[in-house]
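Student: Please choose a single strand of this chain and examine it closely. I should like to see how it is paired, how it is covered and what lies around it.

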Amino acid sequence: MVVREIALLSRDVLPMIDEAAARVYSVVTETPLMPLPSGTRGLGAAFAKLEQLQVTGSFKLRGATNKLMSLTKRQAAAGVITSSTGNHGLGVATAAKMLGIDAEVFLSAQVTSAKRDRIRHCGARVRIVGADPLAAEVAARAAAAESGRTYVSPYNDPYVVAGQGTIAVELMRQAPDLDAVFIATGGGGLISGIGSYLRHAAPHAEIIGCWPENSPVLYECIRAGRIFEAPESKTLSESTAGGVEEGSITFDLCREVMHRGVLVTEAEILDAMRWGHGQSWAVEGASGVALAACFKESARYANKKVVVLICGGNPSPAIAALLGPTPLDPTSG
């Protein structure tokens with residue numbers, strides 16, 4: 001595991017985000033900011049940042065692309081290795097293919113065959129290791145060390161954090177007067193990147209971390225002031241589930257940039273996902289977490305300009321089945 005020696009601060013990440021914004025758009029798409037229907041759940045001026053429209057269906061492409069573009073020629077020639085529950089693997093595989101870099105993705109047995117096939121289709125080799133994500137990560141790190149390849153962390157890497165921060169650069173063009181942004185939070189890479197940029201570019205804006213009540217690991221770590229293994233149970237927000245790596249750079253960054261944390265129930269997540277599905281959006285559980293938190297806090301932000309990040313649209317088949325047929329599907333009714 002990576003051990004943090006010096007805390008990374010938002011001011012350290014800021015120039016890295018500007019560098020990322022100058023290079024990632026040969027792979028990454030600038031995603032639209034869409035207004036929510038007037039009066040949605042009591043909100044005033046509310047907008048959704050549609051990251052599910054990335055070619056991989058998730059914001060993870062940003063961080064993966066920036067990391068791979070930061071490699072030296074020697075590192076790129078050696079190839080990269082990563083572990084993932086799905087979206088990060090898709091991001092690494094897609095960026096690697098477009099940049100001509102060999103990639104291998106370690107997945108646990110928990111990852112669905114549909115996600116495995118998508119990652120393979122993107123050009124990466126897939127290796128199934130262990131019964132859970134931690135086992136896959138440990139194996140991937142060991143393989144990277146043995147082979148001389150670069151391990152690409154899903155969140156515990158400044159280049160990955162900076163890549164995710166390019167969302168904030170776009171927000172400053174699209175909604176420079178925003179008052180708050182709701183961000184689903186797992187390992188903390190997304191909120192660290194966005195928050196690091198907005199803390200300096202829009203210091204008036206609230207950075208709100210959003211978690212499922214069933215899996216609030218980083219939230220509890222921040223409250224306790226240390227990283228530990230907090231208890232979890234099953235959640236619809238599959239991509240934010242799991243622990244936080246000891247020594248992760250995102251721990252200090254989150255504590256610095258986040259103003260508030262909001263917890264939501266599984267019922268609230270499902271309700272929000274169904275609402276987003278009704279807008280003809282592809283939504284996964286993590287997107288539902290941010291939406292649910294925004295809806296839950298609507299009275300507090302009724303007269304403010306808020307953005308909710310729709311971070312991904314790749315639900316597992318079992319969760320997708322809970323949402324019903326796609327509204328645009330002519331066979332749906």
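**Strand β8 and its surroundings**

Tutor: Of the 333 residues of the chain, 57% count as buried, where buried means under 20% relative accessible area, exposed means over 50% and partly exposed lies in between (1.4 Å probe, protein chains only). The model is predicted, so local features are given only at pLDDT of at least 70 and side-chain atom pairs only at pLDDT 80 or more, whereas totals for chains, interfaces and linings use all residues. Residues are numbered from 1 along each chain as its sequence is written, and side-chain values use heavy atoms, with hydrogens and water left out.

The setting comes before the strand itself. The chain has 14 helices and ten strands; these are DSSP runs numbered from the N terminus, helices being H or I over at least four residues and strands being E over at least two. Along its principal axes the C-alpha trace spans about 55 × 50 × 40 Å. The radius of gyration is 18 Å, which agrees with the value near 20 Å for a compact globule of 333 residues. That radius is taken over C-alpha atoms, and the globule rule is 2.2 Å times the number of residues to the power 0.38. Among contacts between residues at least 6 apart in sequence, 75% join residues at least 24 apart; a contact means heavy atoms within 4.5 Å.

The strand chosen is β8 (residues 206-212). It belongs to an open sheet of six strands in the order β1-β2-β10-β7-β8-β9, with mixed pairing. Two strands pair if DSSP finds at least two bridges between them. Strands β1 (33-35) and β9 stand at the edges, each with a single partner strand, so one side of each has no neighbour in the sheet. On average, neighbouring strands of this sheet are turned by 25° against each other, direction ignored; the strand axes are lines fitted to C-alpha atoms, for helices such lines cover the stretch in contact, and angles run from 0 to 180 degrees between N-to-C directions.

On one side, β8 pairs with strand β7 (residues 180-184) in the parallel sense over five bridges. Within this pairing, I183 has G209 as its bridge partner in β8. Strand β7, helix α9 (residues 189-201) and β8 together make a right-handed β-α-β unit. Right-handed here means that, with the strands pointing away from the viewer, the path from the first strand over the helix to the second runs clockwise. Strand β8 is also joined by five bridges to β9 (residues 260-264), and these two strands run parallel. There P212 stands opposite V264 in β9.

An antiparallel pairing is found elsewhere in the sheet. Strands β1 and β2 (residues 45-50) pair in that sense over three bridges, and P35 has F47 as its bridge partner in β2.

Next comes the covering of the strand. In a regular strand the side chains alternate between the two faces of the sheet. In β8, E206, I208, C210 and P212 point one way, whereas I207, G209 and W211 point the other way, and all are buried. The strand is therefore described as mostly covered, with seven of its seven residues buried.

Two of these residues, I208 and C210, are contacted by F182. Leaving aside neighbours within four places in sequence, F182 also touches A290, A293, C294, E297, Y301, V306, V307, V308 and L309. In the largest nonpolar core, which has 79 residues, F182 and W281 touch the most other members. Such a core is a set of buried Ala, Val, Leu, Ile, Met, Phe, Trp, Tyr and Cys residues joined through side-chain atoms within 4.5 Å. Helix α13 (residues 285-296) supplies the largest share of this core, eight residues. Another core, of 25 residues, lies apart from it, with V24, A64, A103 and V152 among its members.

For comparison, consider strand β4 (residues 103-107), where five of five residues are buried. A103, V105 and L107 point one way from β4, and E104 and F106 the other. Strand β3 (residues 80-84) joins β4 through five bridges and runs parallel to it, with T82 opposite V105. Strand β5 (residues 125-128) also pairs with β4 in the parallel sense, over four bridges; there V105 has V126 as its bridge partner. A right-handed β-α-β unit is formed by β3, helix α4 (residues 87-99) and β4, and another by β4, helix α5 (residues 113-121) and β5.
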